[in-house]
Amino acid sequence: MPLDQSFLGRSYPPTAPYQVGREKIREFATAVGAEDPLHHDADAAKAAGYPDVVAPPTFPIVITMAALKGIVLDPALGIDYSRVVHGDQRFSYVRPVVAGDELVVVNHIEEIMTRAGNDFLTTRQEVRTTTGELVVTVWHKTVVRGDAA
Amino acid sequence: MTFQAGEVLPEQVFQVTRADLVRYAGASGDFNPIHWSERTALSVGLPGVIAHGMFTMALAGQAVAKWAGTGDTVVDFGVRFIRPVPVPDTDEGTSLSFTGVVKSADDDFALVEITAMCGTERVLAQARAKVKQRISH
């Protein structure tokens, strides 16, 4: 089933703030084998000029994937979640996420297209502090495999 | 280190087991059962449990961190997931290997193109990281 093109260009209100915790960063860093003390040791991070431990590059996915769920699962858009695969992912950082950040996500639907029987949904997500500072912009391409695929 | 244009970056290999996927699921909040349930993975036509694409991307990020010598240099990072990474239920699991080439570099930034392999298959395309040249700290 093709996706509802009327969603193209849609923007959503900011998500509820996510409090980035020091232990969450450590947990994520451990899970991805990130051993740099910047991710674990607040003193090392401070010595490098950060207010607290620094998140590894893909950490924002913790926040942005949850923020995407409401869109992807919206029955009006028409995504069959059992056929979803992750196509592309990109992060463009103003600065790394650090413990103590309080972050909100604004979702935008940037592209909806069909190619070779598959549907593609590209979202752009701006991750900002609650005071409005842009921290990272995240693009996520969702592929919905067609019947033949 | 400071990256030089044309430089070939040494292979980084990561072993990936089912336990790693479970740990990543918990840390990331991505509990899609195709990453831990053989039954679910097979029922949707996969060869078995597969790694989270974002776990592969995270390991690619760690390869970049190792090449750079620090974990805070990436300013832009994108990948395309082109093949699943099956992770067998064995002590060894599977392994992912990453190599890199510095496509361009100036005093401030370098662009690293990453090749990600699982066995003989490329699993990422258009995998690129723009990194800050080494800052002194």
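**Notebook: cores, chain B and its contact with chain A**

I began with the nonpolar cores. The largest one has 71 residues. Inside this core, the residues with the most contacts are Phe28(A), Ala60(B), Val64(B) and Ile114(B). I note that this is a predicted model.

I asked which element gives the most to this core. The element is helix 3 of chain B, with 11 residues.

I then looked up Val64(B). Setting aside neighbours within four places in sequence, I found Val64(B) in contact with Val74(B), Val112(B), Ala129(B) and Val131(B). Apart from the largest core lies another, of 5 residues. Its members include Leu3(A), Ile79(A), Ile112(A) and Val144(A). I kept one general remark beside this entry: in soluble globular proteins, nonpolar side chains tend to be buried together.

**Helix 1 of chain A**

Phe28(A) took me to helix 1 of chain A, residues 22-31. Which of its residues are buried? I listed Ile25(A), Phe28(A), Ala29(A) and Ala31(A). They sit on the same side of helix 1 of chain A, because they cover an arc of only 160° around the axis. I checked what they pack against: helix 3 (61-72) of chain A together with helix 1 of chain B. After helix 1 of chain A comes Gly33(A). I read its phi as positive, near 70°.

**Chain B on its own**

I counted 3 helices and 6 strands in chain B. Along the sequence I read the pattern β-α-α-α-β-β-β-β-β. The radius of gyration of chain B is 16 Å, and the globule rule gives 14 Å for 137 residues; the two are close, so chain B is as compact as a globular protein of that length. I took the spans of its C-alpha trace along the principal axes as about 50 × 30 × 25 Å. Of the 137 residues of chain B, 39% count as buried. I also looked at contacts in chain B between residues at least 6 apart in sequence: 62% of them join residues at least 24 apart.

**Where the chains meet**

How many residues of chain B touch chain A? I found 28, in contact with 30 residues of chain A. On the chain B side, the elements giving two or more residues are helix 1 (18-28), helix 3 (53-68) and strand 2 (74-81). I sorted the residues of that side into 14 nonpolar, 9 polar and 5 charged.

Last, I followed strand 2 of chain B. This strand pairs with strand 2 of chain A, residues 84-93. The sense is antiparallel, over 5 bridges. I noted Ser92(A) opposite Asp76(B) in strand 2 of chain B.

Note on methods
Residues are numbered from 1 along each chain as its sequence is written. Chains are lettered from A and ligands numbered from 1 in the order in which they are written. This is a predicted model: local features need pLDDT of at least 70, side-chain atom pairs count only at pLDDT 80 or more; totals for chains, interfaces and linings use all residues. Helices (H or I, at least four residues) and strands (E, at least two) are DSSP runs, numbered from the N terminus. The radius of gyration is taken over C-alpha atoms; the globule rule is 2.2 Å times the number of residues to the power 0.38. A residue is buried if 20 or more other C-beta atoms lie within 10 Å of its own, exposed if 12 or fewer, and partly exposed in between; C-beta atoms are placed from the backbone. Two residues are in contact if their C-beta atoms, placed from the backbone, lie within 7 Å. Ala, Val, Leu, Ile, Met, Phe, Trp, Tyr, Cys and Pro count as nonpolar, Asp, Glu, Lys and Arg as charged, and the others, Gly among them, as polar. Two strands pair if DSSP finds at least two bridges between them. A nonpolar core is a set of buried Ala, Val, Leu, Ile, Met, Phe, Trp, Tyr and Cys residues joined through C-beta atoms within 7 Å. The arc is that of the directions from the helix axis to the C-beta atoms.
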